[in-house]
Amino acid sequence: MSNGVLVIGAINVDLVVGADRLPGPGETVVGPRLDRFGGGKGANAAVAAARMDARVRYCGVVGTDDLGREALAELASVGIDVSDVAEIGDIPTGAALIVVDRAGENQIAVAAGANSYVDPAGVRAAVERSVGWAGCVLVSTEISTAAVRSAVAAAREHGVPCVLNPAPLREDLLAAVRAATVLTPNASELRDLCDALSIPHMDVCDAAARVADATGACVAVTRGAEGALIARPDGGIERISALAAPEVRDTTGAGDTFNGVLAASLAAGNTLDEACHRAVIAASLSVRQVGARTGMPSADEVAMAQV
C-alpha cells in the first residue's frame, strides 16, 4: 500500500490571543500579544501527516491575498504537494480567531472565506488522481457540504480508505458519514452524531458503539487527556490512554494532529488500533507549544514515546 495521504479540507490563518481565562458572553479579556499561525483543521492534519514522513497532497482553496500565499508557502515548506489547491481572487483566505487560557483550553470562531468555494468536481478529480498513490483520504468538514460528500463518495467508489473528521457536523452530511471508513468525532461531535442519527444520549462508549452500528463505520472518539476510544460495527471496543503531557500550553490542533497521524499510519499499512495508538501519542505531545502546528511531533518523537 502507498503511504500517500490526500487531505481535503480548510486552509486558514489562525490569530491567537493568550489570556488568563476565556471570556464569558459579552465579556472582554485582554492578553499581552497577538500571534499568527497557519491553521484550518485539514491543513493542520496535513502537516501532522507530513511530520510522520507520509507523502501528502492537499486539496482546498485560498484567496489570492497575502495570507493565502503565505499559507501555501508554509504547507509546501514541510513537503506537502499543494498543486490541488485552487486560488480565487476577490475572496479572502479563511481565518480563525482563537483565545487560549492559562490551562491551554481555547475558544475558536472561524470565518470560512475561500473555504466555502471548494469545488465538488475538483475534489472528485483530486481523489481520482490519487488512486494507486494514496493509501488514505482524510476529509474535514470546514468546507462546503457538497465538496465533503463528493470527496467521501469518490473515495468509497475507488476503494480508498476514507477518514472523515465531522467537525463541525451538519445533518446534510449524514450520507457522507455513512460512506466513510472511519469517523473521528470528539465527545461533543459524538453527541451531535447521536442527535442526527436519532440515537439517545448515553455514555461515550455506548454512544460510539451505536453510531458505529448505525453507520457501518469505525468510530474513533478523541477524548483529550483521556485518550481515545475505538468502536467497530461488529461491537468491538478499544480504549487508548493518552500520555501524561509534562505541560499543557495549548490544546488547539491536538485533534488535527490525531487525524493527520491516524491517516498517515493507516496509509502506511498499520491496523486501526495501531494507527490510533500512534495518533494518541502524537496528540498528547502536540499540546506542549502554543499554536496548532508548533508542537506537532516528528515520527522519531512519536517512536521514542512508544518505547
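This report covers the sheet, the helices and some ring contacts of a predicted model.

## Basis

Residues are numbered from 1 along each chain as its sequence is written. In this predicted model local features need pLDDT of at least 70, side-chain atom pairs count only at pLDDT 80 or more, and totals for chains, interfaces and linings use all residues, while side-chain values use heavy atoms, without hydrogens and water.

## The sheet

Nine strands make an open sheet of mixed pairing. Their order is E5-E4-E1-E8-E9-E10-E11-E12-E13. Strands (E, at least two residues) and helices (H or I, at least four) are DSSP runs, numbered from the N terminus. Two strands pair if DSSP finds at least two bridges between them.

Strand E5 (81-88) and strand E13 (237-240) are the edges; each has a single partner strand, so one side of each lacks a neighbour in the sheet. Strand E10 (residues 182-183) pairs with strand E11 (residues 218-222) in the parallel sense, over two bridges. Cys218 in E11 is the bridge partner of Val182.

## Helix H8

Helix H8 spans residues 254-267, 14 residues in total. From first C-alpha to last, H8 reaches 20 Å, close to the 20 Å expected at 1.5 Å a residue (1.5 Å times one less than the number of residues). In H8, 13 of the 14 residues are buried (under 20% relative accessible area, 1.4 Å probe, protein chains only). Gly269, just after H8, takes a positive phi of about 100°.

## A charge over a ring

The charged end of Arg57 sits over the ring of Trp133, 4.3 Å from its centre. The criterion is NZ of Lys or CZ of Arg within 6 Å of the ring centre and within 35 degrees of the ring normal.

Notes
Buried means under 20% relative accessible area, exposed over 50%, partly exposed in between (1.4 Å probe, protein chains only).
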